[in-house]
Every structure is written in structure tokens, then in C-alpha cells.
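The following exercises concern strand pairing and helix packing. Please attempt each task before reading its solution.

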Amino acid sequence: MNHQEIQNQEIIERYVRHTLPPAERRAFEEHYFACDECFEQVRTTAQFIAAVRHSAKRGVLAESETAAAESWWKAWLKPSLIFATAAAAVLAIALGYLFFRQSPSPREETAQEKEQKPKQNDIGKATPTPEDVAINHPSRTPEPINPAQAKLPIVLPTVLLDSVRDARSGGNQLTLPANAASAKLVIEVEPGTGFDSFQLQLFDVGKRPVTSFSGIKANAQGVVAVNVSAALLPNGKFLVKLYGAKGGERELVGEYDLTVRRQ
Amino acid sequence: MQPDVEHLSNQELVARIRQSDAEAEAVLYEKFYARVYFTALSETHSKDDAEDIRAETFLRVIQALRQGKLRSADSLPSFIVGFTLNVIREHIRQKYRADSLEDYEYDVTSETSLESVFLDAETSRALEEAARQLKPREQQFLRMYYYDELPKEEIARRLGINEERVRLIKSRTLQQFRDIYKKMTKP
């Protein structure tokens with residue numbers, strides 16, 4: 001690997017963004033272990049990309065609002081999208097109704113949690129720790145409330161995940177409004193699968209684990225749902241894996257792609 | 001440390017480490033520790049894990065060099081890369097008790113984002129200041145490309161320019177950013 005190839009193929013940036021194939025990744029690592037110039041560049045590029053994302057999150061970078069609005073309207077005008085959007089809206093309303101109707105009150109939920117705690121960690125763990133609860137239920141972790149944010153309406157975007165095999169063209173899309181604190185991922189599983197509980201794992205585009213939930217129970221209609229903190233869902237593609245657990249063993253139920261777009 | 005030791009070639013370094021020369025070992029560490037740490041940080045997104053991996057990698061590399069396991073000193077960088085990647089894999093497997101890298105359960109909280117591992121508070125402020133000095137269109141480009149992760153053709157359409165121009169803006173902005181950042185962080 002020489003400097004010309006590195007520049008022409010944008011190797012440094014692709015390395016930092018984890019989009020290089022493994023063989024090229026290894027070749028570039030061998031190169032920058034021997035090359036001060038490339039190591040300095042890969043380090044500053046990592047800082048640069050991290051800083052750009054950080055600045056964009058904090059609203060420091062200018063946003064092209066007119067272009068975004070124009071593209072949004074153009075997308076809406078496409079007939080195929082109108083049909084898909086209408087279908088998704090009907091499904092979201094139906095699922096929303098299902099969940100609101102079935103969701104226990106916070107008091108009932110707390111009581112249920114107390115009852116279920118000893119059973120929840122049936123995947124390789126004997127007893128749940130406070131860390132388990134924080135990791136498995138990020139939305140339930142107490143967080144300091146910013147007075148400015150407290151006045152914003154609570155938004156809980158929801159996406160119904162189709163498996164990779166069954167996914168329609170375009171895959172599963174989740175649009176996250178700027179004020180969303182978390183998003184609900186919903187998966188339909190066949191009722192009566194015989195699993196005691198489910199485990200859901202979320203990976204980023206580089207197959208890097210983002211978060212994991214254990215001890216999830218499906219409801220009577222065979223719907224599994226988890227709330228994922230919006231902080232863990234930047235723009236981009238993700239992979240979701242759902243496992244069923246029974247008697248200390250687990251089995252892959254399905255894989256689901258997910259594309260997140262933040263507004 | 002003697003000045004001449006600091007400028008040893010890889011051949012001399014390897015030869016001296018084989019004779020258990022502590023100064024040569026320190027030079028080897030100085031020369032490669034940042035690379036090992038950066039590689040570990042890129043893979044694990046955890047500063048604590050990266051520290052552990054760095055320490056373990058150098059223990060193994062120096063032990064292997066003392067035992068004369070490196071055939072050609074020209075391959076020293078590749079040799080260290082190999083150890084680094086092995087230690088990273090072992091570390092992840094041991095920590096999360098999984099069988100393969102693709103299937104391990106890795107509880108990453110929101111605190112371990114890319115931003116938090118590659119930026120400290122001071123650097124972050126300096127870089128935000130640098131971003132403010134860019135033109136609005138360059139800022140829009142950066143946002144669309146690195147944050148919204150839009151494809152280049154879509155960015156070109158939104159900014160009303162062709163794709164070749166997008167590539168030019170990207171390389172120029174990155175260079176400009178590096179220059180501003182260097183000036184701001186110069187002691």
C-alpha cells in the first residue's frame with residue numbers, strides 16, 4: 001500500500017469510518033505502524049469526524065433547511081412512497097393502539113418488574129445487577145431533567161421491523177425527531193414459540209455492538225418491543241438480532257436491518 | 001536516555017532488545033505506544049480497554065523479541081500489528097465470553113460513543129471553534145456527509161454542484177480544518 005493508493009482510494013477516511021474490507025484494513029494498519037505521516041493523518045481524521053458529529057449534534061454546523069424541505073416534498077410526491085407511507089401509518093396506528101391498550105400503568109409495571117426480576121436474566125447470568133437493569137432498560141435509568149427539555153412534548157417514534165429476508169425494498173426506516181429521547185423497536189414473533197424470553201442485540205454498520213437487551217417478554221399477540229435511547233441511534237444503518245431463550249440456551253429468531261434518519 | 005539510543009534503526013533496536021537492553025525497550029515503547037493505543041481504541045471504543053491492550057501487547061512483543069522470534073527487523077511494524085490485533089481479539093473474547101467477534105455481547109453505553117473516545121473537552125471546544133470559521137456551504141457539506149451520512153450524489157444535488165466538486169470540497173475542508181486545528185492547539 002503506497003501513499004498514492006491511500007489518497008486515491010480515501011483509505012484513511014474509510015479506515016476511520018470502518019468501511020474498509022478486513023484485508024485492506026490490516027494492510028493499512030501495517031502501513032501506519034511504519035509511517036508517521038499516515039498515523040498522524042489517521043489520528044486527526046478520527047478526531048475530525050468525531051468533532052464534526054459532535055458539532056452537528058450541538059447545532060454548531062449550518063444546516064441546509066431549504067434543501068431538506070425541498071427533498072422532503074419531492075419524496076412525498078412519489079406515488080410509490082405515498083402508498084408505502086400510508087401503509088406504514090396505518091400499521092403504526094394499529095400497533096400504537098395495541099400497545100397503549102395493553103401497557104400497564106407505571107405502578108403496575110413496577111409491581112410486575114419486582115415479580116419478574118429473578119426470572120429476567122435467564123441468559124447466562126444468575127442474578128440481575130443494577131448495571132443489568134441500566135443496560136437492559138436505558139429508558140428507565142433516572143436521568144437529570146433539563147428544565148428547557150422538560151417543556152418539550154414527549155416523542156416515542158416506533159418502527160416495526162421486518163426480517164432481512166422479508167424486508168421490502170428500502171428496508172426498515174426509523175425517523176427520529178430532534179426531541180425524541182428514545183425509540184421503540186417492535187418485532188412480531190409467532191405466538192407460542194415456546195421461548196421463555198427474548199434477547200435483542202443492536203449492531204452498527206461495522207457490526208460493532210451498540211446495546212443489548214435480555215429477558216424481554218413477548219405480549220399475548222406475540223409482539224416483542226424495546227425502547228432504545230436516542231443517544232445510541234445516530235444517522236446510519238444498524239443490524240438487529242433477536243434471539244429466543246429457553247432453558248439457558250438461545251436460538252436466533254431473526255435478523256433485521258434498520259436505517260435511522262435524524263431530523 | 002542517551003540521544004543516540006533514541007535514533008536507533010529497527011535493526012539495531014531489535015538486536016539490542018534481544019540482549020535485554022532496557023533503554024532499547026523504552027525506545028520501542030515510545031515509538032509504537034500511540035499506534036497500539038489508537039488501534040485498540042478504534043476497535044473497543046473504551047479507553048480502559050485500550051490501556052490494558054497496550055500494556056499486554058508490549059509485554060508480549062518484548063518477550064517475543066528477547067526470545068528472537070522476529071526473523072527480519074524490517075517486519076517489526078507488522079510484527080507489532082499482529083500482536084496488537086491478537087491481544088484485542090483475546091481481550092474482547094475474554095471480557096465478553098463469546099466465541100466469535102461477530103457474535104459477542106458487548107454492552108456499550110451512550111458514554112462510549114466515538115466522540116467521547118476521540119475528543120476531550122478542550123479538543124472538542126477547539127474543533128467547534130474551527131468549524132465556525134468554515135463557510136456555510138462547507139459546514140452544510142460536513143454535516144450532510146459525516147453526520148447525516150448522505151451519499152455524495154445526494155449532497156451534490158442538494159448543494160447544486162457536481163460530484164467531482166463535492167470531492168474537492170471534502171478534501172479542501174478537511175485540509176483547512178487540520179490547519180485551523182493545528183494553529184489552535186499549538187502550545
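**Exercise 1.** Determine in which sense, parallel or antiparallel, strand 4 and strand 7 of chain A pair, and over how many bridges.

*Solution.* The model is a predicted one. Step 1: strand 4 (residues 197–204) of chain A runs antiparallel to strand 7 (residues 236–246) of chain A. Step 2: their pairing extends over 8 bridges. Step 3: one residue pair illustrates the register, with A:Gln201 having A:Lys241 in strand 7 of chain A as its bridge partner.

**Exercise 2.** Place the pairings of chain A in their sheet, and state which strands form its edges.

*Solution.* Step 1: on strand 7 of chain A, an antiparallel pairing with strand 8 (residues 249–262) of chain A comprises 11 bridges. Here A:Gly236 lies opposite A:Val260 of strand 8. Step 2: strand 4 of chain A also pairs with strand 5 of chain A, in the antiparallel sense over 5 bridges. In this pairing A:Phe198 faces A:Ile216 of strand 5. Step 3: these pairings belong to an open sheet of 5 strands in chain A, ordered 2-8-7-4-5, whose pairing is mixed. Step 4: strand 2 (173–176) and strand 5 (209–216) of chain A are the edge strands, each pairing on one side only. From one strand to the next, the twist averages 25°.

**Exercise 3.** Describe the secondary structure of chain B and the extent of its burial.

*Solution.* Step 1: chain B contains 10 helices and 0 strands. Step 2: 32% of its 187 residues count as buried. Step 3: for contacts in chain B between residues at least 6 apart in sequence, 52% connect residues at least 24 apart.

**Exercise 4.** Identify which residues of helix 2 of chain B are buried, and how they are arranged around the axis.

*Solution.* Step 1: the buried residues of helix 2 are B:Leu13, B:Val14 and B:Ile17. Step 2: viewed down the axis of helix 2 of chain B, these residues fall within an arc of 95°, so they line one face of the helix. Step 3: in general, an α-helix has 3.6 residues a turn, so residues three or four places apart point the same way. Step 4: after helix 2 of chain B comes B:Ser20, which has a positive phi, near 60°.

**Exercise 5.** Classify the packing of helix 2 against helix 4 in chain B, and list the residues that meet.

*Solution.* Step 1: helix 2 (residues 10–18) and helix 4 (residues 47–66) of chain B pack at about 80°, their axes 7 Å apart. Step 2: angles of 65 to 115 degrees count as roughly perpendicular, and the two helices of chain B are therefore roughly perpendicular to each other. Step 3: B:Val14, B:Ile17 and B:Arg18 of helix 2 meet B:Ile62, B:Leu65 and B:Arg66 of helix 4. Step 4: by class, this contact has 4 nonpolar, no polar and 2 charged residues.

Notes
Residues numbered from 1 in each chain as written. Chains lettered and ligands numbered in written order. Predicted model: local features only at pLDDT ≥ 70, side-chain atom pairs only at ≥ 80, totals over all residues. Axes fitted to C-alpha atoms, helices over the stretch in contact; angles between N-to-C directions. Helix = DSSP H or I, 4+ residues; strand = E, 2+ residues; numbered from the N terminus. Parallel < 35°, antiparallel > 145°, perpendicular 65-115°, else oblique. Contact = placed C-beta atoms within 7 Å. Nonpolar A, V, L, I, M, F, W, Y, C, P; charged D, E, K, R; others polar. Pairing = 2+ DSSP bridges. Buried ≥ 20, exposed ≤ 12 C-beta atoms within 10 Å, placed from the backbone. Arc of directions from axis to C-beta.
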